[in-house]
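Q: Could you take one part of this model and go through it closely, for someone who has not seen it before? I would like to know how that part is placed and what lies around it.

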Amino acid sequence: MRCMTWMQPLHAEQTIDTMTETPAPYRVTPNADYHADYAPAAPPAQLPRAPLRLSCVVPAHNEEANLEDFVRALAQAAGRLTPEFEIIIVNDGSRDATHAVALRLAQDLPVRYLALSRNFGKEAALTAGLAHARGSAVLLIDADFQHPLELLPEMHALWLAGYDMVYGVIVDRGFESGTKRVGTGLFYRLINTGKQVKVPPNAGDFRWMDRRVADALNALPERNRFMKGLYAWVGFKAAALPFVPHDRAGGQTSFSMRRLGSLALLGLTSFTTLPLRVWSVVGSLVALLALVYGAWITLDTILHGTDLQGWPTLAAGIMLFSGVQLMSIGILGEYIGRIYEEVKRRPTYLVARDEDNSPWRDS
Ligand code: UDP
Ligand code: MG
């Protein structure tokens with residue numbers, strides 16, 4: 001298989017027998033490769049699967065340059081897998097002509113067009129798309145051609161073979177800046193310090209999931225939705241599909257470093273309490289150090305009669321530790337802020353317009 005041949009699977013003999021039932025050229029080896037650590041120990045789905053009805057969810061924020069071409073290309077790619085598909089375009093508060101383009105597309109393609117009432121962010125847009133998807137499988141894909149449509153048959157084949165979730169893993173982040181790569185690495189190290197739920201590094205929102213997974217995600221009650229974490233949290237049998245993202249076809253990325261930073265903060269506060277624990281450890285260490293230092297000063301004075309000195313030490317100490325305390329309060333505040341947002345129970349998104357031209361509109 002094209003995408004996996006470059007990477008030697010650990011258990012080549014595990015090629016799935018059921019694959020003989022799937023379209024001929026795709027022979028799939030399970031994700032016994034470098035992502036095996038992140039595969040939840042879940043049983044495969046019951047086979048054979050019901051016929052594929054595919055819902056494709058496309059979040060779009062200022063995508064006037066790409067949306068028309070992309071949705072048409074997606075319709076062709078999906079049509080090659082099954083005649084039964086719908087495309088859900090979620091317009092996430094675009095300020096350009098995305099709305100007009102999407103309305104036009106909804107007239108001649110099996111499109112369900114959801115326009116959110118403002119920009120709620122990609123996580124909310126995906127949540128909206130998932131909540132409205134009616135297929136037996138759901139594909140999440142960006143509108144900017146970065147996620148290769150050529151991988152759809154392979155995702156389909158893995159789904160047919162019993163995987164409930166097939167996710168794309170970016171294998172080449174070479175196109176990104178050094179800072180972004182270091183930041184991403186650090187983020188995954190931090191978020192995966194917990195034992196139970198491991199978020200696979202470099203796995204994005206390019207995913208194919210079974211109805212069961214979509215239902216599980218829809219049932220999660222939280223408003224702060226860090227999707228990459230939630231996909232990992234729900235579990236189910238998952239396969240990683242390595243891919244090299246294409247360049248963005250047109251327009252610009254919506255994710256500045258600042259926005260990525262706040263997404264990372266959302267992820268960390270939603271999926272690990274490590275930052276809270278760190279301060280207990282730091283606090284204990286500092287207290288211990290202070291005790292030892294105090295004892296040493298006392299002994300030094302008693303034994304050698306040294307005069308009490310050290311205003312500079314005192315000043316530096318006070319400044320350092322007030323800084324440490326403020327930092328810890330800040331981190332505590334992040335968590336409290338999340339709790340506050342959750343208890344308000346505001347909806348994750350609001351739909352301002354729903355134009356349903358999906359073949360399943362009455363179901
Ligand atoms: N997107 C969205 N809401 C936002 C930001 C982005 O729906 O607030 C969509 C965007 O239209 C695209 C996908 O999310 O389809 C990925 O965004 P982008 O390409 O800007 O991010 P990058 O690929 O650079 O991480
Ligand atoms: Mg993109």
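A: What follows is a close look at one strand and its surroundings.
This is a predicted model, in which local features need pLDDT of at least 70 and side-chain atom pairs count only at pLDDT 80 or more, while totals for chains, interfaces and linings use all residues. Residues are numbered from 1 along each chain as its sequence is written, and chains are lettered from A and ligands numbered from 1 in the order in which they are written.

The part chosen is strand S1, which covers residues 54-60; strands (E, at least two residues) and helices (H or I, at least four) are DSSP runs, numbered from the N terminus. S1 is mostly covered, with seven of its seven residues buried, where buried means that 20 or more other C-beta atoms, placed from the backbone, lie within 10 Å of the residue's own. The cover extends to both faces of the strand: Leu54, Cys56, Val58 and Ala60 are buried on one side, and Ser55, Val57 and Pro59 are buried on the other. Helix H9 (residues 274-304) offers a contrast, because none of its 31 residues is buried and the helix therefore lies largely in the open.

S1 pairs with two other strands, a pair needing at least two bridges found by DSSP. Strand S2 (residues 85-91) runs parallel to S1 and is joined to it by seven bridges, and within this pairing cysteine 56 stands opposite isoleucine 87. Strand S4 (residues 137-140) is also parallel to S1, joined to it by four bridges, and here valine 57 has leucine 140 as its bridge partner. Together with helix H1 (residues 67-81), S1 and S2 make a right-handed β-α-β unit; with the strands pointing away from the viewer, the path from the first strand over the helix to the second runs clockwise.

S1 also has a part in the surroundings of ligand 1, since this strand and helix H3 (122-132) each supply at least two residues of the shell around that ligand. The shell holds 16 residues, the closest being Pro59, His61, Asp92, Thr253 and Ser254, and a residue is near the ligand if its C-beta atom, placed from the backbone, lies within 6 Å of it. Pro59, one of these closest residues, is also one of the buried residues of S1. By type, the shell divides into five nonpolar, six polar and five charged residues; Ala, Val, Leu, Ile, Met, Phe, Trp, Tyr, Cys and Pro count as nonpolar, Asp, Glu, Lys and Arg as charged, and the others, Gly among them, as polar.

Technical notes:
Expected span 1.5 Å × (residues − 1). Buried ≥ 20, exposed ≤ 12 C-beta atoms within 10 Å, placed from the backbone.
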